[in-house]
Amino acid sequence: MRIANYLRPDCVALRQRADSLQGAVQQLVALLDGAKVLTDTAVFAADVRARLELGGVCVGNGLAIPHAKSTAVEKLQLAALTLDPPLPCDTPDGQPLEMLFLIAAPAEANDLHVQVLAELATLFLDTDFCASLRQSETPEAFCRAIARREAQDDPAAPPPTPTNEPGYRLLGVTACPTGIAHTYLAAEALQQAAQTRGLTIKVETNGAGGVGNELTEDEIQAADCIIVAVDRSISLARFVGKRLVYTSAGEAVRNAENGRATIFGYYVNDPERFGIVEFDKDGKVLSVEEKPQHPKSNYAITGLYFYN
């Protein structure tokens with residue numbers, strides 16, 4: 001799936017002003033209305049507002065991706081808006097909004113809008129690309145830049161060289177409350193952080209469209225460590241006996257390179273029954289292991305964390 005296939009220059013407006021997130025989204029709706037892709041503008045606008053009230057459309061790095069499935073949409077279409085000046089509002093990383101993409105999907109589109117949102121989230125994790133895109137002089141140049149970037153990222157590169165390794169030594173699992181943007185942003189951030197260190201990682205996404213890139217039992221058994229980057233509860237039963245590192249999906253997006261957390265532990269006499277944290281001599285966390293057969297400490301994780 002390519003974003004460029006669903007974004008037209010007449011659905012792009014550059015360097016606009018907005019005094020609120022709702023006002024910026026209304027400009028996006030107006031773009032779609034002007035492009036004649038809506039059957040009922042009022043119905044679609046109401047559907048977008050309802051989705052906005054659920055939160056989670058601001059994904060950080062100056063980007064927001066409002067979206068809605070609606071009976072007023074006949075086929076999938078995107079609209080884009082850049083803001084000048086940037087709009088201060090409640091964002092995960094505190095950065096003001098500089099660019100928005102609106103996804104308009106038909107009501108019967110199943111998880112099509114989720115696929116598009118995942119593509120957008122991973123595409124715009126590249127801060128340099130975001131910055132250059134915002135400098136586009138015209139809507140046509142804006143669309144061409146996205147098309148070029150997607151062509152550059154097309155999986156036409158040669159496959160990785162096979163190795164004799166038993167599998168991925170590092171695994172990840174991501175999930176967020178809505179199962180949309182941060183789930184996929186966190187996965188991409190973990191993959192990029194691993195790549196910069198010369199490591200391979202497989203990341204399972206627990207998104208609104210279901211489980212993607214699911215970890216197999218063999219991969220779990222062969223892995224040295226599993227990063228659990230989630231903002232909602234998921235089952236960890238399959239990871240019993242493995243070293244686990246816990247963080248939030250939001251923290252993985254913001255700070256996958258050097259994320260840190262304060263973990264609160266409680267001394268227990270039967271550590272094999274709990275998730276146990278291992279410390280070095282300075283009290284820094286080395287690993288977390290779920291119900292280990294051979295516990296490395298007697299400190300069980302309470303479930304309380306402060307992320308730095």
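The protein has eight helices and 15 strands. This is a predicted model, so please read every value here as computed from its atoms. Buried residues account for 47% of the 308 residues. Counting contacts between residues at least 6 apart in sequence, 69% join residues at least 24 apart.

## Two helix pairs

Let us start with helix H1 (residues 21-34) and helix H2 (residues 41-53), which pack at an angle of about 145 degrees. Their axes are 11 Å apart, and the crossing of H1 past H2 is right-handed. On the H1 side, the contact is made by Leu21, Gln22, Val25, Gln26, Val29, Leu32 and Asp33. Their partners in H2 are Thr41, Phe44, Ala45, Val48, Arg49 and Leu52. Sorted by class, the residues of this H1 and H2 contact are eight nonpolar, three polar and two charged.

The second pair is helix H3 (residues 112-123) with helix H6 (residues 181-196). Here the packing angle is about 40 degrees and the axes are 8 Å apart. Why are H3 and H6 called oblique to each other? Angles under 35 degrees count as roughly parallel and those from 65 to 115 as roughly perpendicular; the angle of about 40 degrees falls in neither range, and H3 and H6 are therefore oblique. H3 also passes H6 in a right-handed crossing. From H3, the residues in contact are Val114, Leu117, Ala118, Ala121 and Thr122; from H6, they are Ala181, Tyr184, Leu185 and Glu188. The contact of H3 with H6 is made up of seven nonpolar residues, one polar and one charged.

## A threonine in strand S8

Tyr184 of H6 turns up again in the surroundings of threonine 205. Threonine 205 sits in strand S8 (residues 201-207) and is buried, at a relative accessible area of 10%. Leaving aside residues up to four places away in sequence, threonine 205 touches Thr174, Thr183, Tyr184, Ala187, Gly210, Val211 and Gly212.

## Cysteines without a bond

How many disulfides does a search of the whole structure find? The search finds zero. Take cysteine 58: the closest cysteine sulfur belongs to cysteine 89 and lies 4.3 Å away. A disulfide needs the two sulfur atoms within 2.5 Å, so the pair of cysteine 58 and cysteine 89 is too far apart for a bond. Cysteine 143 is in no disulfide either, with its nearest cysteine sulfur, that of cysteine 11, 8.5 Å away. Are these two cysteines buried or exposed? Cysteine 58 is buried, with a relative accessible area of 9%, and cysteine 143 is buried at 12%.

## Residues far apart in sequence

Alanine 131 belongs to helix H4 (residues 127-134). Alanine 131 is partly exposed, with a relative accessible area of 33%. In sequence, 69 residues separate alanine 131 from glycine 62, while their C-alpha atoms are 9.7 Å apart in space.

Glutamine 135 is in the loop between H4 and helix H5 (139-152). With 57% relative accessibility, glutamine 135 counts as exposed. Its C-alpha atom is 9.2 Å from that of arginine 15, and the two residues are 120 apart along the chain.

## Backbone details

Lysine 36 and asparagine 213 each have a positive phi in a residue other than glycine. The table sets out their values.

| Residue | Phi | Place | Relative accessible area |
|---|---|---|---|
| Lysine 36 | near 60 degrees | loop between H1 and H2 | 72%, exposed |
| Asparagine 213 | near 55 degrees | loop between strand S9 (210-212) and helix H7 (217-222) | 45%, partly exposed |

Lysine 36 brings us back to the first helix pair, since the loop that holds lysine 36 lies between H1 and H2.

Where is the cis peptide bond? The bond runs from aspartate 84 to proline 85, with omega near 10 degrees. Proline 85 is part of strand S5 (residues 77-87).

Definitions and conventions:
Residues numbered from 1 in each chain as written. Predicted model: local features only at pLDDT ≥ 70, side-chain atom pairs only at ≥ 80, totals over all residues. Heavy atoms only, no water. Buried < 20%, exposed > 50% of the residue type's maximum accessible area, 1.4 Å probe, protein only. Axes fitted to C-alpha atoms, helices over the stretch in contact; angles between N-to-C directions. Helix = DSSP H or I, 4+ residues; strand = E, 2+ residues; numbered from the N terminus. Parallel < 35°, antiparallel > 145°, perpendicular 65-115°, else oblique. Left-handed = near helix turned anticlockwise from the far one by under 90°. Contact = heavy atoms within 4.5 Å. Nonpolar A, V, L, I, M, F, W, Y, C, P; charged D, E, K, R; others polar.
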